[in-house]
Structures are given as structure tokens and as C-alpha cells.
Amino acid sequence: MNGVSTAFILVGLFLAGGVYSFAKQQMPKGLIVLLSIGAAMCLVAGVLRLEVWN
């Protein structure tokens, strides 16, 4: 597990926490969807960069 994959996973988890927080505050749905797409992309990029796939 290298630093870039760790950074992607941590940013994805941070954004996922933001999705949860924004949903609890009843923010606009478009903002929540955009944030959740960004979180999912960061998490997927971090997982795909792990060395276990080689």
C-alpha cells in the first residue's frame, strides 16, 4: 500500500463523511449527489491503486 492509494482512500472517506453530514442537514440533493460521486471515484481509485491486484 503506497502513499497515493492511502491518500485517495482517506480523501474518499472524508468526502463520504461530508455526504452523510450534508444529508443530515438536508442540503440540496444535487450537491449530495455530486459529493457522493467524488467520494466514490476517490475510493475506487484508491482501491484500484493497491498492489494486491498485480
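The buried residues of helix α1 are S5, I9, G12, G18 and V19, and in this predicted model they offer a convenient point of entry, since the buried residues of α1 pack against α2. Helix α1 covers residues 3–24; with its 22 residues, α1 reaches 32 Å from the first C-alpha to the last, which is close to the 32 Å expected at 1.5 Å a residue.

One of these buried positions, S5, can be followed in detail. S5 is found in helix α1 and has a relative accessible area of 0%, so S5 counts as buried, the cut-off being under 20%. Leaving aside residues up to four places away in sequence, S5 touches G46, R49 and L50. Of these contacts, G46 is listed among the buried residues of α2, and helix α2 itself is made up of residues 29–48.

After α1 comes Q26, whose phi is positive, near 60°. Q26 has this positive phi although it is not a glycine, and its place is in the loop between α1 and α2. With a relative accessibility of 72%, Q26 counts as exposed, because the cut-off for that class is over 50%.

Beyond the loop lies α2, and its length can be checked against expectation: the 20 residues of α2 should span 28 Å at 1.5 Å a residue, and because the C-alpha atoms at its ends are 28 Å apart, the two values agree. Within α2, the residues I32, L35, A39, C42 and G46 are buried. These residues cover an arc of only 95° around the axis, and therefore they lie on the same side of α2. The buried residues of α2 pack against α1, just as the buried residues of α1 pack against α2. On the other side of α2, by contrast, K29, G30, L34, M41 and L48 are exposed.

Some residues of α2 fall between these two classes. I37 has its place in helix α2, and at 44% relative accessibility I37 counts as partly exposed. Together with V33 and M41, I37 forms a nonpolar patch on the surface, and the three residues have about 290 Å² of accessible area together. M41 thus appears in two descriptions, as a member of this patch and as one of the exposed residues on the other side of α2 from the buried ones.

G38 also lies in helix α2 and is partly exposed, with a relative accessible area of 23%. The C-alpha atoms of G38 and Y20 are separated by 13 Å, the two residues being 18 residues apart along the chain.

L31, another residue found in helix α2, is likewise partly exposed, with a relative accessible area of 36%. Between the C-alpha atoms of L31 and L48, which are 17 residues apart along the chain, the separation is 26 Å. L48 is one of the exposed residues of α2.

Taken together, the picture is of two helices, α1 and α2, with a loop between them that holds Q26; the buried residues of α1 pack against α2, and those of α2 pack against α1.

Terms used:
Residues numbered from 1 in each chain as written. Predicted model: local features only at pLDDT ≥ 70, side-chain atom pairs only at ≥ 80, totals over all residues. Heavy atoms only, no water. Helix = DSSP H or I, 4+ residues; strand = E, 2+ residues; numbered from the N terminus. Buried < 20%, exposed > 50% of the residue type's maximum accessible area, 1.4 Å probe, protein only. Contact = heavy atoms within 4.5 Å. Patch = residues over 30% accessible without salt bridge, like charges linked within 9 Å, V, L, I, M, F, W, Y side chains within 5 Å. Areas by Shrake-Rupley, 256 points an atom, 1.4 Å probe, with all protein chains shown as cover. Salt bridge = Lys/Arg side-chain N within 4 Å of Asp/Glu carboxyl O. Expected span 1.5 Å × (residues − 1). Arc of directions from axis to C-beta.
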